[in-house]
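Here is a small set of exercises to work through with the model open beside you. Try each task on your own before reading the solution.

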Amino acid sequence: MLKKDLVDTPVFGSNEEQCVAPKTELPREGTAENIAYQIVHDEAMLDGNSRLNLATFVTTWMDDSARRIMTETMDKNMIDKTEYPQTAEIERRCVNMIAHLWHSPEAVGGQYCMGTSTVGSSEACMLGGLSALFRWKKRRQAAGKPTDRPNFIISSCFQVVWEKFAIYWDVEMRTVPVTADHITLDPQQVVDLCDENTICVVPILGVTITGLNDDVKALNTALDRLNARTGWEICIHVDAATGGFILPFIYPNVEWDFKLKWVLSISTSGHKFGLVYPGVGWIVWKDKSYLPDEMNFAVNYLGAEVPSISINFSRPGNQVLAQYYQLIRLGWKGYHDVQASSINVCLYLRDRLKEMGIFEFFTDEMPNPLFVWKLKDDPSRKWTLYDLSDRLHIQGWQVPAYTMPAAMENVIIMRIVARQGVGIDLADLLIKDIRTCVAQLDTLQNPTNSAEEWKKRRPSFNHIR
Ligand SMILES: *Cc1c(COP(=O)(O)O)cnc(C)c1O
């Protein structure tokens with residue numbers, strides 16, 4: 001085809017739109033820009049509308065200026081601190097502001113706090129866990145003791161990254177079961193699981209499965225007593241993927257951060273309630289001394305020493321710039337207002353669901369902008385929350401249903417996360433659809449087999465964890 005023809009060919013009159021897109025082999029010839037764009041754009045339509053996805057914790061709305069910053073700067077490589085020194089400087093400002101929110105003792109006198117951006121909480125959790133592992137190893141080696149059997153302790157509601165941490169670095173994961181009586185991490189059971197090989201304990205703020213917060217202060221007190229008695233120096237890494245950007249604004253008086261003696265590192269997801277599109281996360285250490293030298297690949301590009309700590313090397317710098325944009329655009333007050341609104345939307349939704357009379361809630365608390373519920377027992381009911389989830393999906397909503405972890409694995413629950421971009425009006429439309437779907441399901445004559453079907457469906461894609 002001549003160039004002129006290509007330019008004149010309407011997209012949907014083109015040869016490419018008359019056949020299926022390449023799926024397994026690199027095509028020999030290329031495709032015209034506008035046609036290739038249309039193909040990819042149209043396939044992505046099938047993903048549905050991310051704003052109606054109430055399963056994810058991850059940001060699905062940013063304002064136009066944030067989008068502009070992100071598209072203008074998406075060619076910047078975060079790792080290249082010589083080529084993009086200002087992006088590196090801005091990363092450090094973000095670390096400082098976040099460290100300050102978490103009461104880092106280093107956040108005084110304008111010095112730089114120890115921390116880094118990451119791809120998300122997963123990489124940040126890996127770094128927190130690894131630093132605890134290295135510190136433990138060093139202490140053990142200095143004492144002439146074996147270092148071959150490290151373990152860490154976490155609730156059975158852990159996010160999958162901790163399972164990865166255990167497998168990748170060969171650290172035993174000891175879990176404290178979450179039960180109806182102990183719906184968050186029980187400090188006494190933690191202490192019972194500790195021994196001289198425990199590298200750290202990982203409380204979670206914004207437990208993925210329940211939305212609740214582990215009690216870091218109580219854990220700190222329990223560990224302080226244990227450490228005083230045994231000399232084990234067992235520390236805390238807080239997985240604050242959600243809570244790191246909620247607590248400082250909504251519950252500034254709750255003690256959970258570096259004010260507590262044994263909290264030595266904290267991680268969070270910038271792309272969750274840090275309100276940035278994926279993927280950016282953050283980790284901060286209490287001070288420089290808690291980042292083992294082995295993990296600090298210092299580079300002295302900027303005249304000052306800049307640590308390179310992350311596991312990934314190249315990654316986009318625009319997410320870090322967008323994080324800084326959000327921090328200065330919103331300020332403390334803006335973050336407070338956005339997070340408070342999201343919690344308010346959850347309270348609104350929960351009240352409406354309560355009015356329906358068929359749902360049960362685990363607690364009255366709403367510490368984070370997410371909550372879970374289950375169906376009240378009713379032997380005559382023909383459907384499960386899986387059926388409701390499916391029906392809502394037909395309306396475009398993604399509201400996941402899933403089972404609780406070990407010890408409560410027969411309990412099917414449903415979860416909603418409200419983020420920036422979900423207002424009361426949208427929430428109200430969801431409630432209307434839930435009522436309609438429930439009314440339809442209540443007319444069923446025979447029980448569905450959705451619970452069995454879902455067990456088989458398990459390995460498919462989901463956004464639950
Ligand atoms: C989301 C989440 C993670 C993983 O975070 P990413 O940013 O998706 O890598 C880890 N822990 C908890 C508690 C989470 O909610």
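## Exercise 1: A glycine in a strand

Gly115 sits in strand 1, which covers residues 115–118. Keep in mind that the model you are looking at is predicted.

**Task.** Decide whether Gly115 is buried or exposed, and find which residues Gly115 touches beyond four places in sequence.

**Solution.**
- Step 1: Start from the relative accessible area of Gly115, which is 12%.
- Step 2: Buried means under 20%, so Gly115 counts as buried.
- Step 3: Now look around the residue. Leaving out residues up to four places away in sequence, Gly115 touches Val95, Ile283, Val284, Trp285 and Ile309.
- Step 4: For a sense of distance, pick Asp377, which is 262 residues from Gly115 in sequence. Their C-alpha atoms are 48 Å apart.

## Exercise 2: Two neighbours in one loop

**Task.** Pro292 and Asp293 follow each other in the chain; work out which is buried and which is exposed.

**Solution.**
- Step 1: Locate them. Pro292 lies in the loop between strand 7 and strand 8, and Asp293 is in the loop between strand 7 (281–285) and strand 8 (297–299).
- Step 2: Pro292 has 4% relative accessibility, so it counts as buried.
- Step 3: Asp293 has a relative accessible area of 63%, and is therefore exposed.
- Step 4: Ask what touches Pro292. Setting aside neighbours within four places in sequence, Pro292 is in contact with Ser131, Phe134, Arg135 and Lys138.
- Step 5: Phe134 is also a useful marker for Asp293: the two are 159 residues apart in sequence, with 9.2 Å between their C-alpha atoms. By contrast, Pro292 and Cys157 are 135 residues apart in sequence and 29 Å apart in space, C-alpha to C-alpha.

## Exercise 3: A helix residue

**Task.** Say where Ala132 lies, and which residues Ala132 touches beyond four places in sequence.

**Solution.**
- Step 1: Ala132 belongs to helix 5, residues 121–142.
- Step 2: Its relative accessible area is 3%, so Ala132 is buried.
- Step 3: Not counting residues up to four places away in sequence, Ala132 touches Ile199, Cys200 and Cys235.
- Step 4: Leu385 is 253 residues from Ala132 along the chain, and 40 Å separates their C-alpha atoms.

## Exercise 4: Backbone angles worth a second look

**Task.** Where is Gly279 placed, and what is the value of phi near which His103 and Asp170 are found?

**Solution.**
- Step 1: Find Gly279 in the loop between strand 6 (263–269) and strand 7. The peptide bond leading from Pro278 to Gly279 is cis, with omega near 0°.
- Step 2: Go to His103, in the loop between helix 4 (85–101) and strand 1. Phi of His103 is near 60°, a positive value in a residue other than glycine.
- Step 3: Asp170, in the loop between helix 6 (160–169) and strand 3 (172–176), has phi near 60° too.
- Step 4: Check exposure. His103, at 34%, is partly exposed, while Asp170, at 63% relative accessibility, counts as exposed.

## Exercise 5: The nonpolar cores

**Task.** Which residues touch the most other members of the largest nonpolar core, and which helix gives the most to it?

**Solution.**
- Step 1: The largest nonpolar core has 93 residues, and Phe359, Trp373 and Leu388 touch the most other members.
- Step 2: Helix 10 (residues 318–355) gives the most to this core, with 14 residues.
- Step 3: Another core lies apart from it, with 40 residues, including Leu127, Phe158, Ile209 and Leu291.
- Step 4: Zoom in on Phe359. Beyond four places in sequence, its contacts include Trp373, Leu388, Leu353 and Val438.
- Step 5: In soluble globular proteins, nonpolar side chains tend to be buried together.

## Exercise 6: The whole chain

**Task.** How does the radius of gyration of the protein relate to that of a compact globule?

**Solution.**
- Step 1: For 465 residues, a compact globule would have a radius of gyration near 23 Å.
- Step 2: The protein has 24 Å, which agrees.
- Step 3: Add the extents: the C-alpha trace spans about 75 × 65 × 45 Å along its principal axes.
- Step 4: Buried residues make up 52% of the 465.
- Step 5: To finish, count elements: the protein has 13 helices and 13 strands.

Notes. Residues numbered from 1 in each chain as written. Predicted model: local features only at pLDDT ≥ 70, side-chain atom pairs only at ≥ 80, totals over all residues. Heavy atoms only, no water. Core = buried A, V, L, I, M, F, W, Y, C linked by side-chain atoms within 4.5 Å. Buried < 20%, exposed > 50% of the residue type's maximum accessible area, 1.4 Å probe, protein only. Helix = DSSP H or I, 4+ residues; strand = E, 2+ residues; numbered from the N terminus. Contact = heavy atoms within 4.5 Å. Rg over C-alpha atoms; globule rule 2.2 N^0.38 Å.
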